[in-house]
Amino acid sequence: QKNGYKHFMLKEIMEQPKVLRECLRSRINEQTGFLQLPSLDNVMDRILAARRIIICACGTSWHSGLVGEYLIEGLGRIPVEVEYASEFRYRSPLLFKDDVVIVTSQSGETADTLEAIRIANKAGALTLGIVNVVGSSIARETSAVVYLQVGPEIGVASTKAFTGQVLVLTMLAVILGHRNGNITDAEALDYARQVQEIPDKVAEILTPENLASLKRLSASLRYAKNFLYLGRGFNFPVALESALKLKEVSYVHAEGYPAAEMKHGPISLIDQQMPVCVIAPKRHHEGNYEKVRSNIQEVVARSGNVIAITDEDGRADLATLAEHVMVVPSTAEWLSPLVSCIPLQLLSYWIADYRGCEIDSPRNLAKSVTVE
Ligand code: M6R
């Protein structure tokens with residue numbers, strides 16, 4: 001079942017090119033070339049008429065929801081709020097009939113997320129599920145469902161479900177932007193083409209050379225006690241997600257921050273014992289790259305140990321600053337979480353493996369949290 005891999009987590013990271021292709025299956029219209037999510041056809045007019053979209057989820061699924069906020073506001077131009085389901089359900093949220101509540105959930109059984117859906121249904125809002133497990137409770141209780149089509153995820157640490165969720169939210173954002181006139185036909189075709197390139201770009205990261213290099217890096221970092229992850233814009237949620245991944249499987253303390261927030265507190269933690277993973281792609285990220293680069297300089301000035309995730313354009317420049325540079329294929333800014341998260345998933349995996357952790361079922365964690 002593990003296909004020869006030592007753990008499900010590694011298998012599930014490695015199969016992402018294949019399952020992301022599966023996630024795209026039947027989601028490109030063969031006649032027009034536009035992206036489509038057929039299971040939403042019946043509710044699409046209601047989504048387009050929404051006053052706002054609220055995304056509710058927990059854990060990793062909440063992180064993909066945050067990427068969804070950047071995507072749907074950026075491309076679809078519909079206001080989005082992202083909430084922890086556990087907060088939403090207990091804080092008497094204001095809900096309107098023209099709200100759309102989207103929940104993202106791998107298992108489809110997370111108790112707080114399920115309850116958020118029930119509250120939204122009761123308020124008359126349209127509810128949508130972005131779910132992996134077919135026929136799960138959330139899939140049954142939402143008005144419409146988009147399945148991830150990434151196959152069963154066994155490892156407690158979510159990896160391919162995260163990229164699957166981000167990919168579905170990306171398709172949804174492009175479709176909404178196209179349908180409400182913010183994206184032209186020509187752009188919609190071009191965006192669909194770029195989305196279809198993602199599985200191959202993920203495969204480019206998973207080469208034996210890159211894996212060996214990440215494994216060596218993980219060996220050198222295995223005794224670090226604290227990590228910081230920094231990212232900006234679309235990559236801020238990736239910083240949060242990567243910190244969660246490391247905590248879950250390796251029991252090492254890690255925090256994710258928007259890069260510019262570093263100087264508002266966490267900078268005081270930085271010393272030579274502190275690895276700082278910075279997501280800093282350059283091509284198509286003009287506005288953000290220079291700003292993140294200057295954050296890297298601030299870390300280096302305090303003897304922090306920078307691990308930079310960048311693209312070919314940033315490689316030489318960041319090699320002058322960072323201890324280690326990991327190159328991922330360049331993408332449009334709105335697609336970059338789908339590639340930047342991959343080396344950081346592997347880093348968490350191997351640090352945990354070097355530390356002898358029980359990676360597929362970390363202590364105190366369950367795959368699906370069915371209690372509040
Ligand atoms: O099944 P769900 O996506 O609703 O689960 C939500 C969280 O419990 C889950 O993402 C958790 O944070 C994972 N262990 C993360 O790797």
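This is a short tour of selected residues, helices and strands, taken one stop at a time.

Keep in mind that the model is predicted. Residue numbers count from 1 along each chain as its sequence is written.

**Stop 1: the ligand**

Select the ligand and show what surrounds it. There are 14 residues around the ligand. The closest are Ser-61, Ser-105, Ser-107, Thr-110 and Glu-248.

Now pick out the polar atoms. Start with Thr-110: an N or O atom of its side chain is 2.5 Å from an oxygen atom of the ligand. Go next to Ser-105. Here a side-chain N or O atom sits 2.7 Å from a ligand oxygen. Then show the backbone of Thr-60, where an N or O atom lies 3.1 Å from an oxygen atom of the ligand.

How much of the ligand does the protein bury? The ligand exposes 410 Å² when taken alone, and the protein buries 91% of that.

**Stop 2: two strands and a crossover**

Select residues 52-57, which form strand E1. Add residues 80-84, strand E2. The two strands pair in the parallel sense, over five bridges. For one of these pairings, click Ile-53: its bridge partner in E2 is Val-80.

Now colour residues 59-76. This is helix H4, and the chain passes through it on the way from E1 to E2. The resulting β-α-β crossover is right-handed.

**Stop 3: Glu-15**

Select Glu-15, in the loop between helix H1 (8-14) and helix H2 (16-24). Is Glu-15 buried or exposed? Glu-15 is buried, with a relative accessible area of 11%.

Draw a distance from Glu-15 back to Thr-60. Their C-alpha atoms are separated by 18 Å. Along the chain, the two residues are 45 residues apart.

**Stop 4: two more buried charged side chains**

Go to Glu-153. Find this residue in the loop between strand E5 (144-147) and helix H8 (160-179). Its relative accessibility is 6%, so Glu-153 counts as buried.

Which backbone atoms does the Glu-153 side chain approach? One is the backbone nitrogen of Ala-161, 3.0 Å from a polar atom of that side chain. Another is the backbone nitrogen of Lys-160, at 3.3 Å from a polar atom of the Glu-153 side chain.

Move on to Lys-245, in helix H11 (residues 236-250). Lys-245 is buried too, with a relative accessible area of 2%. Show the backbone of Ser-158 as well. Its oxygen lies 2.7 Å from a polar atom of the Lys-245 side chain.

**Stop 5: salt bridges between helices**

The structure holds 21 salt bridges. Begin with Arg-118 and Glu-141, whose side chains meet at 2.8 Å, N to O. Arg-118 belongs to helix H6 (residues 111-122) and Glu-141 to helix H7 (residues 137-141), so the pair ties together parts that are 23 residues apart in sequence. Arg-118 is partly exposed at 35% relative accessibility. Glu-141 is partly exposed as well, with a relative accessible area of 27%.

Next, select Asp-317 and Arg-293. They form a salt bridge, with the closest N and O atoms 2.7 Å apart. This pair links distant parts of the chain: Asp-317 is in helix H13 (residues 312-319), and Arg-293 is in helix H12 (residues 286-301), 24 residues apart. Compare how the two partners are covered. Arg-293 counts as buried at 17% relative accessibility, whereas Asp-317 is partly exposed, with a relative accessible area of 23%.

**Stop 6: a network of salt bridges**

Finish on helix H9, residues 185-205. Select Asp-190 and Arg-193. Their side chains meet in a salt bridge, 2.5 Å from N to O. Why are these two about one helical turn apart? They are separated by about one turn because they are three residues apart in the helix.

Both have some access. Arg-193 is partly exposed at 42% relative accessibility, and Asp-190 is partly exposed with a relative accessible area of 28%.

Last, add Glu-197 and Lys-201 to the selection. Together with Asp-190 and Arg-193, they are linked in a network of salt bridges.

Definitions and conventions: Predicted model: local features only at pLDDT ≥ 70, side-chain atom pairs only at ≥ 80, totals over all residues. Heavy atoms only, no water. Salt bridge = Lys/Arg side-chain N within 4 Å of Asp/Glu carboxyl O. Helix = DSSP H or I, 4+ residues; strand = E, 2+ residues; numbered from the N terminus. Buried < 20%, exposed > 50% of the residue type's maximum accessible area, 1.4 Å probe, protein only. Pairing = 2+ DSSP bridges. Right-handed = clockwise from strand over helix to strand, strands pointing away. Near = heavy atom within 4 Å. Polar contact = N/O pair within 3.5 Å; in protein donor to acceptor, adjacent residues only side chain to side chain. Areas by Shrake-Rupley, 256 points an atom, 1.4 Å probe, with all protein chains shown as cover.
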